[in-house]
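This report is for a reader who has not seen this structure before. Please keep the sequence and the 3D view at hand while reading.

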Amino acid sequence: MEFSEVKKYIDTIKDTSNFKELEEFTRMSRIDAYKDMYENIEHYVKVYHAKHDYEKPYREGNEYFEPDYEYFVKFLHDYMNNEPMKMPIRDDGYIDLSNSLYLVQPGIFSENTGNFLDHYIIMTDGSVYISKLPLYYRGNSGVTDKYSLYSSLIASYIAKNLEVECADIALAKKESSYRIISKSFLKENEEIVTYTEDMEQISEYLEQMDEALRLRQFDESEIEKAKFEFIKQEFIAKLIGLKDQTADNSPLIVNTDDEGNRHVRMAPMFDLDYSFQIASKFNFMTVRKCDNGKDDIASLIEQYKDYPGFKEFAKKSLETLDMSKIFKQIYEKTGLKEFSESNNDEKMKQFSEFVTKNLQIAKETYAKVFKEERDDR
């Protein structure tokens, strides 16, 4: 297919709302201010959707650098007709990105890119996903362990099992390389907002959140719910040893409804790569601490034992969480073979052992704290 055919098709759809929304996401007609719409789109397809080995670097004149116009038009056709997204699953359980139909957003237009962003991608049904590189792909991550690929997936299942909102995270392959993908959790008219800077202590973060939201006159019940959700997320963070607790990774989501009322909620947990034994050696990263200067699960329980709703949440969590069931659930839902034979894989067992150790500490602390409370009555 020649680009002239692509141009003819674009001429038939360029004024539709669907195409305008797609263009707003990809900015494919605005990459270079010195080129017209069609020159930009032609360049976009060459760079981001070419027929070449994904592992080879881009450069003009590369023999592998042939634009895949058939793929591009196929996507446009399906997108214009709101076709269901296509994310086939490989025999080994990984999502097959090489045979999925999507368009990417050029990195120059992406917000909150992060060091490990591959691309924001949009599917034929308009859903947006974030594609990330595993930690061990980058030399500046400090991580060489290939099992870091599984950290965020396992963490997301733990959070959801304890009824704490978390991004939908999955593992994928693109050609021969791995990706970690998650569906955007933003709804229509919502935006992510970070009202605070990085804070050393959990209590400082709560105070700053409370002050910022009251100043902006959000509903008091929504403020209290957001604060409690933050504490629940901290409970998960301590269980999994999360080491990347910047303010940007714990943002709020705000929106305005049809009547002009503003609403706020805690964003789901989403950046969970630096967790478990994979991150245990890192002492230089941002980790929020309790008022006693410690960042362990016991200190969190001791500090927030009287926070409304925390006792009940902690009790249910400690009674519910079972890592063997978590691994079984991951295998049943994804088909990832690594989780079917985890008991025979020493590296996979370390994830379970890490959480089980913290879980035991949490149970002992809970029993002690609330026994002392009963004895005091």
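The sections below go through the sheets, the cores, a helix pair and two buried residues of this predicted model.

## The six-strand sheet

An open sheet is built from six strands in the order β3-β7-β8-β6-β5-β4, and its pairing is mixed. The edges are taken by β3 (95–96) and β4 (102–105); each has a single partner strand, so one side of each lacks a neighbour in the sheet. At the β4 edge, β4 pairs with strand β5 (residues 117–123) in the antiparallel sense, over four bridges. Within this pairing, L103 has I122 in β5 as its bridge partner. Helix α2 (residues 17–26) packs on the sheet and touches β4, β5 and β6 (128–132). The direction of α2 makes about 45 degrees with that of β4.

At the other edge, β3 and β7 run parallel and are joined by two bridges. D96 has K173 in β7 as its bridge partner. K173 also stands opposite Y178 in β8. Strand β7 (residues 169–174) and strand β8 (residues 177–183) are paired in the antiparallel sense, with six bridges. The two strands form a hairpin with two residues between them, and E175 in the turn has a positive phi of about 60 degrees. β7 is mostly covered, as five of its six residues are buried.

## The three-strand sheet

Another open sheet has three strands in the order β9-β10-β11, with antiparallel pairing. β9 (190–193) and β11 (262–266) are at its edges; each has a single partner strand, so one side of each is without a neighbour in the sheet. From one strand to the next, the twist averages 30 degrees.

Four bridges hold the antiparallel pairing of β9 with strand β10 (residues 252–256). In this pairing, I192 stands opposite I253 in β10. Helix α7 packs on the sheet, where it touches β10 and β11. The direction of α7 makes about 15 degrees with that of β11.

## The nonpolar cores

The largest nonpolar core has 80 residues, and the members that touch the most others are Y150, I154, I158, F235, F310 and F339. Helix α7 (residues 220–240) gives the most to this core, with 10 residues. A second, separate core has 36 residues, including F3, F75, L103 and Y120.

What does F235 touch, leaving aside its neighbours within four places in sequence? The contacts of F235 are L162, I297, L300, I301, F310, F313, A314, S317 and L318.

## Helices α5 and α11

Two packed helices are described by the angle between their axes and the distance between the axes. For helix α5 (residues 151–161) and helix α11 (residues 323–334), the axes come within 10 Å and cross at roughly 110 degrees. Angles from 65 to 115 degrees count as roughly perpendicular, and α5 and α11 are therefore roughly perpendicular to each other.

From α5, the contact is made by L153, I154, Y157, I158 and N161. They meet M323, I326, F327, Q329, I330, K333 and T334 in α11. The residues of this contact divide into eight nonpolar, three polar and one charged.

## Two buried residues

F313 is part of helix α10 (residues 310–320). Is F313 buried or exposed? The relative accessibility of F313 is 10%, and buried means under 20%, so F313 counts as buried. Not counting residues up to four places away in sequence, F313 touches L162, V164, F228, K232 and F235. R27 lies 286 residues from F313 along the chain, and the C-alpha atoms of the two are separated by 44 Å.

Q233 is found in helix α7. Q233 has a relative accessible area of 8% and is therefore buried. Leaving aside neighbours within four places in sequence, Q233 is in contact with V164, E165, M266, A267, P268 and M269. V164 is thus among the contacts of Q233, and V164 is also touched by F313.

Note on methods
Residues are numbered from 1 along each chain as its sequence is written. This is a predicted model: local features need pLDDT of at least 70, side-chain atom pairs count only at pLDDT 80 or more; totals for chains, interfaces and linings use all residues. Side-chain values use heavy atoms; hydrogens and water are left out. A nonpolar core is a set of buried Ala, Val, Leu, Ile, Met, Phe, Trp, Tyr and Cys residues joined through side-chain atoms within 4.5 Å. Buried means under 20% relative accessible area, exposed over 50%, partly exposed in between (1.4 Å probe, protein chains only). Contact means heavy atoms within 4.5 Å. Two strands pair if DSSP finds at least two bridges between them. Axes are lines fitted to C-alpha atoms, for helices over the stretch in contact, and angles run from 0 to 180 degrees between N-to-C directions. Angles under 35 degrees count as roughly parallel, over 145 as roughly antiparallel, 65 to 115 as roughly perpendicular and the rest as oblique. Ala, Val, Leu, Ile, Met, Phe, Trp, Tyr, Cys and Pro count as nonpolar, Asp, Glu, Lys and Arg as charged, and the others, Gly among them, as polar.
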